[in-house]
Amino acid sequence: MENNYETRIVNYALQTCGFYPLRAMQLLVVDSQFAKAKSTMMNIGALFKLDNSMDLERLAQAVNDLVNAYDIFHCRFAFHPGTDDVCQRFNGEIVPVTVEKISDEEFEQRKKYLQKPYNIINQPLYRIHIFETPTAKYFFIDFFHAIMDGASVMILFWRELDSRYRGKKITHAPLNYADFILDEMKVSPEEFAEGSKFWMEMIKDFDATKHLPPPDVKDCPNPTSESFYFNVDTISQNFFKESHYQEHIFFLAASMLAITKSNGSDSANMNWLHNGRNTMQERRLMGTMIEQYPICWKFEQDLSVGEFISGIEAKMQECMKYRRSIGTAYQIGIDYDSATFIFQKRVLGALNTMMLGGKPAEILEIPINEFSVSENMLDIEVNLSEDGSYLVEFSYDTGTYSEDAMKKFSATFNEVVQAMQDENRRIFTILKG
């Protein structure tokens with residue numbers, strides 16, 4: 001990525017009114033979608049079965065008022081006429097959501113293909129449907145990941161939709177994603193160059209054969225994405241209440257150590273996701289804010305668990321320091337061939353319902369179809385459950401791993417987590433034990 005990336009916004013804004021560059025994370029999502037255009041790996045959404053007392057016309061009005069209020073739903077991707085770069089505009093027309101009355105049989109057929117690939121150029125980047133059948137009511141939301149992240153969908157969007165449905169007055173003015181882009185691009189060439197150097201050094205030694213659990217699948221004709229769930233039965237939230245460790249740092253360190261132990265390597269290199277919301281204003285911003293940071297560690301000397309975790313924390317802080325240059329790492333590209341870690345300090349991953357209008361909205365499984373593929377070879381998502389336990393989801397590529405491989409890796413993960421609760425334990429004893 002050229003070092004003038006951060007100046008494009010100025011050129012676009014001044015020379016061609018209304019065009020904005022993609023943020024680095026948006027560009028990563030778009031590049032991934034171009035690579036697998038006929039896939040839904042970059043879709044983020046959910047299907048809900050609503051309470052039969054829900055007023056669907058009122059819900060449709062609430063949805064339409066919400067999406068009209070925020071510029072992110074007006075977002076359209078386009079090729080810039082002067083540079084041919086993929087960029088974005090925020091002037092797209094909103095097509096009103098209406099209540100679709102169909103038979104139960106029609107709904108079962110529609111459900112199979114509710115989630116489908118996006119044509120991302122000059123088209124809406126979200127889909128919202130409200131269905132009413134003779135026996136039930138359903139609500140479906142789906143967004144292209146380059147315009148919405150999990151916090152935007154399941155917290156900001158959902159909370160405001162609930163408020164609008166209830167008729168509550170929205171007192172805060174909607175924040176514009178376009179304005180955030182302008183502000184984010186205010187970075188000096190020197191700062192950008194320093195960050196680019198940092199990221200190139202961070203990922204230079206990545207090797208998929210060394211930095212993933214051992215694969216056990218060959219010649220899979222139609223690989224898809226599958227999930228394997230398990231509870232970490234060797235730790236509870238009480239450990240963190242009594243120790244000085246932060247959960248997301250501890251579990252990232254555990255993930256790196258577990259992968260290294262499983263493949264017998266002498267180094268770890270993976271990605272970790274940060275929610276990208278560092279200020280109160282950013283926590284209220286509807287749009288994709290997440291950042292994906294590569295992180296590496298060479299096990300060259302034997303350290304205590306405490307020293308290792310402190311070292312990982314220091315690296316994470318460096319990643320945050322150079323976040324505005326992260327596009328350099330994305331351009332080189334190790335995303336699909338690496339493992340990605342995310343910690344969710346919420347209970348959504350362990351629940352089957354949300355609340356809308358004071359009524360439960362049951363989350364239904366979206367059927368896998370021929371467009372379903374894995375975003376990464378392995379995603380490790382640790383969720384804090386309501387009871388203080390930890391639920392882990394391994395999302396894996398079936399062209400690389402079997403369920404048995406994930407079971408084996410989950411046992412290694414549990415073993416590592418248990419060993420790491422002794423901060424004086426030596427790392428080499430964990431790796432070689």
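## Ile-366 and its contacts

Ile-366 touches Gly-45, Ala-46, Leu-47, Gln-115 and Phe-140, leaving aside residues up to four places away in sequence. In this predicted model, Ile-366 sits in the loop between strand E13 (359–364) and strand E14 (378–384). Ser-395 comes 29 residues away along the chain from Ile-366, and their C-alpha atoms are 15 Å apart.

## Two nonpolar cores

The largest nonpolar core has 69 residues. Six of them touch the most other members: Phe-250, Phe-251, Ile-312, Ile-380, Phe-413 and Met-420. Helix H9 (residues 247–263) is the top contributor to this core, giving 10 residues. Apart from this core lies another, of 60 residues. Its members include Val-29, Leu-66, Phe-139 and Ile-181.

What does Phe-413 touch? Beyond four places in sequence, its contacts are Phe-230, Val-232, Phe-251, Ser-255, Ala-258, Ile-380, Val-382 and Val-392. Thr-412 belongs to helix H13 (residues 403–419). Thr-412 has a relative accessible area of 15%, so it is buried; the cut-off is under 20%. Thr-412 touches Ala-258 and Lys-261, not counting residues up to four places away in sequence. Ala-258 is thus a contact of Phe-413 and of Thr-412.

## Helices H2 and H3

Helix H2 (residues 24–35) has 12 residues. From first C-alpha to last it reaches 17 Å, close to the 16 Å expected at 1.5 Å a residue. Its buried residues are Ala-24, Met-25, Gln-26, Leu-28, Val-29, Val-30, Ser-32 and Gln-33. Val-29 is also among the members of the 60-residue core.

Helix H3 (residues 56–69) has 14 residues. At 1.5 Å a residue H3 should span 20 Å, and its end C-alpha atoms are 20 Å apart, so the two values agree. Which residues of H3 are buried? They are Leu-56, Leu-59, Ala-60, Ala-62, Val-63, Asn-64, Leu-66 and Val-67. An α-helix has 3.6 residues a turn, so residues three or four places apart point the same way. The buried residues of H3 pack against strands E2 (43–50), E5 (99–101), E6 (126–132), E7 (137–144) and E12 (353–356), and against helix H5 (150–166). Leu-66, buried in H3, is listed in the 60-residue core as well.

## Asp-71, after H3

Asp-71 is placed in the loop between H3 and E3. Is Asp-71 buried or exposed? Its relative accessibility is 10%, so Asp-71 counts as buried. Leaving aside neighbours within four places in sequence, Asp-71 is in contact with Phe-90, Leu-175, Asn-176, Tyr-177 and Ala-178. Ile-249 is 178 residues from Asp-71 along the chain, and 34 Å separates their C-alpha atoms.

## Loop residues Gly-18, Asp-84 and Asn-122

Gly-18 lies in the loop between helix H1 (8–15) and strand E1 (20–21). At 24% relative accessible area, Gly-18 is partly exposed. Gly-18 touches Gln-88 and Arg-89, not counting residues up to four places away in sequence. Gly-18 and Cys-87 are 69 residues apart in sequence, yet their C-alpha atoms are 10.0 Å apart in space.

Most residues other than glycine have a negative phi. Asp-84 has a positive phi, near 70 degrees, and is not a glycine. Asp-84 lies in the loop between strand E3 (76–79) and strand E4 (86–89). With a relative accessible area of 58%, Asp-84 is exposed. Asn-122 also has a positive phi, about 60 degrees, although it is not a glycine. Its place is the loop between helix H4 (104–111) and E6. Asn-122 is exposed too, at 52% relative accessible area. Exposed here means over 50%.

## Cavities

How many cavities of 30 Å³ or more does the structure hold? There are three. The largest has a volume of about 120 Å³.

The lining of the largest cavity has 11 residues. Nearest its centre lie Ala-24, Glu-184, Glu-291, Arg-323 and Arg-324. The lining divides into six nonpolar residues, five charged and no polar. Ala-24 ties this cavity to H2: the residue lines the cavity and is one of the buried residues of H2.

Technical notes. Residues are numbered from 1 along each chain as its sequence is written. This is a predicted model: local features need pLDDT of at least 70, side-chain atom pairs count only at pLDDT 80 or more; totals for chains, interfaces and linings use all residues. Side-chain values use heavy atoms; hydrogens and water are left out. On a 1 Å grid over the protein atoms alone, a cavity is a set of points where a 1.4 Å probe fits but cannot get out, and a pocket is an open set with protein on both sides within 12 Å along at least five of seven lines; lining residues have an atom within 4 Å of a point. Grid points are joined across faces, edges and corners, and a volume is the space filled by probe spheres set on the points. Ala, Val, Leu, Ile, Met, Phe, Trp, Tyr, Cys and Pro count as nonpolar, Asp, Glu, Lys and Arg as charged, and the others, Gly among them, as polar. A nonpolar core is a set of buried Ala, Val, Leu, Ile, Met, Phe, Trp, Tyr and Cys residues joined through side-chain atoms within 4.5 Å. Buried means under 20% relative accessible area, exposed over 50%, partly exposed in between (1.4 Å probe, protein chains only). Helices (H or I, at least four residues) and strands (E, at least two) are DSSP runs, numbered from the N terminus. Contact means heavy atoms within 4.5 Å. The expected span of a helix is 1.5 Å times one less than its number of residues.
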